[in-house]
Amino acid sequence: MTATVPRQLVHRAAVAETLLTGWRRLAENRFTVSAQWPRSHALHVSPDWSSYDPLLVVETVRQSGTLLSHAEYDVPMGHRFVLDSFDVTTSWKHLAVGPLPAELDVEVAFTDVQYRGPRPASARYTAHVLRSGDRVATAHVAFTCMSDAVYRRLRAGRTSETVLALPVPTGLPPAAVGRALPADVVLAPSDRDGRWRLRVNTAHPVFFDHPLDHVPGMLLLEAARQAVTVHTVGRRTPVSYEARFHQYAELDEPAWIQVVEQDLTGIRVVGLQGGTSLFDCRVGTAEW
């Protein structure tokens, strides 16, 4: 493939953030999607350009499901997608940055597609991400989709034009969270150990590739990643995520990221806002 898929099919405004280059149907509910990862990325490549971040896998799989929903299941453009759960396990040794952009194949199988009328209202899919035949990752995803009119009723008038985000608090040092730039830090200090204020900058060109009325799921997963990095003082690196998303994270209310338990192979991180749970994520780690 020599070009990306239309950016609108993966809900991206920037061509640079469109990772997919094509797709084809293999059988009923089974597809293969092609993708390319650049050797550098504004966020999801390590500061020394040596390795891809597992969250780049997450974004690739997310885009694959969105693309196929529109192109193969006739979900109309303008429909909203709500992420319910995302489980992904990556193979760290296959995430090295090479001398050329990485070419990926994503094998996708849709399961448990639920229809409302002629179009899907929710679905689950499994994705295997392959690089030169080697398995980079396996993911299991569940999402709901709805028309813009239904979404607007659900959000009760909250739109990107009517919701004013809170001022951005001063973040942790970039090195503490494994990032090179202060603008990529999504955690701010709090007065409790193992707990941080979520730092939401709606000007960030990756997390807010286009205007949103809530905090995107990718930013919440990045917050979990950074919380684990801080909590382990950088001695362990995230390699898997088991995330459940419970409600929208609002832009105009403070939210908190908290480590709640840890064992030898992983750390559980939760997001809280207004006394309720936003998401729950078990982050699997490996020694750095």
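Select Leu187 and, across from it in β8, its bridge partner Leu198. The model is predicted; local features need pLDDT of at least 70, side-chain atom pairs count only at pLDDT 80 or more, and totals for chains, interfaces and linings use all residues. Residues are numbered from 1 along each chain as its sequence is written, and side-chain values use heavy atoms, with hydrogens and water left out.

**The β7–β8 hairpin**

Widen the selection to strands β7 (residues 187–188) and β8 (residues 195–198), which run antiparallel and are joined by two bridges. Strands (E, at least two residues) and helices (H or I, at least four) are DSSP runs, numbered from the N terminus. Two strands pair if DSSP finds at least two bridges between them. β7 and β8 form a hairpin with six residues between them. In the turn, pick Gly194, where phi is positive at about 75 degrees.

**Across to β12 and β13**

Next select Arg197, whose bridge partner in β12 is Trp256. β8 pairs with strand β12 (residues 256–262) over three bridges, in the antiparallel sense. Move on to Ile257, which has Gly271 of β13 as its bridge partner. Here β12 and strand β13 (residues 266–273) run antiparallel, joined by six bridges.

**The whole sheet**

Now show the twelve strands of the open sheet, in the order β1-β2-β4-β5-β6-β3-β10-β14-β13-β12-β8-β7, with antiparallel pairing. β1 (20–27) and β7 stand at the edges with a single partner strand each, so one side of each is left without a neighbour in the sheet.

**Two loops with positive phi**

From β1, go to Asn29 in the loop between β1 and β2 (30–37). Its phi is near 70 degrees, a positive value in a residue other than glycine. Asn29 counts as partly exposed, at 25% relative accessibility; buried means under 20% relative accessible area, exposed over 50%, and partly exposed in between (1.4 Å probe, protein chains only).

Then select Ser132, in the loop between β5 (119–131) and β6 (134–146). Ser132 also has a positive phi, near 55 degrees, and is not a glycine. Ser132 is exposed, with a relative accessible area of 73%.

**Helix α1**

Select residues 54–71, helix α1. The helix has 18 residues and reaches 26 Å from its first C-alpha to its last, close to the 26 Å expected at 1.5 Å a residue; the expected span is 1.5 Å times one less than the number of residues. Of the 18 residues of α1, 17 are buried. At the N-terminal end, Asp53 caps the helix: a side-chain oxygen lies 2.8 Å from the backbone nitrogen of Leu55.

Within α1, pick Arg62. Arg62 counts as buried, at 18% relative accessibility. Leaving aside residues up to four places away in sequence, Arg62 touches Val10, His11, Arg12, Phe86 and Tyr125 (contact means heavy atoms within 4.5 Å).

**Cysteines**

Select Cys145, buried with a relative accessible area of 3%, and Cys281, buried at 0% relative accessibility. The structure holds zero disulfides (pairs of cysteine sulfur atoms within 2.5 Å).

**Zoom out**

Show the full protein, with three helices and 14 strands. Its radius of gyration is 18 Å, close to the 19 Å that the globule rule gives for 288 residues, so the protein is as compact as a globular protein of that length. The radius is taken over C-alpha atoms, and the rule is 2.2 Å times the number of residues to the power 0.38. The C-alpha trace spans about 55 × 50 × 35 Å along its principal axes. Buried residues make up 51% of the 288.

Notes
A polar contact is a pair of N or O atoms within 3.5 Å; within protein, one must be able to donate a hydrogen and the other to accept it, and residues adjacent in sequence count only if both atoms are side-chain atoms.
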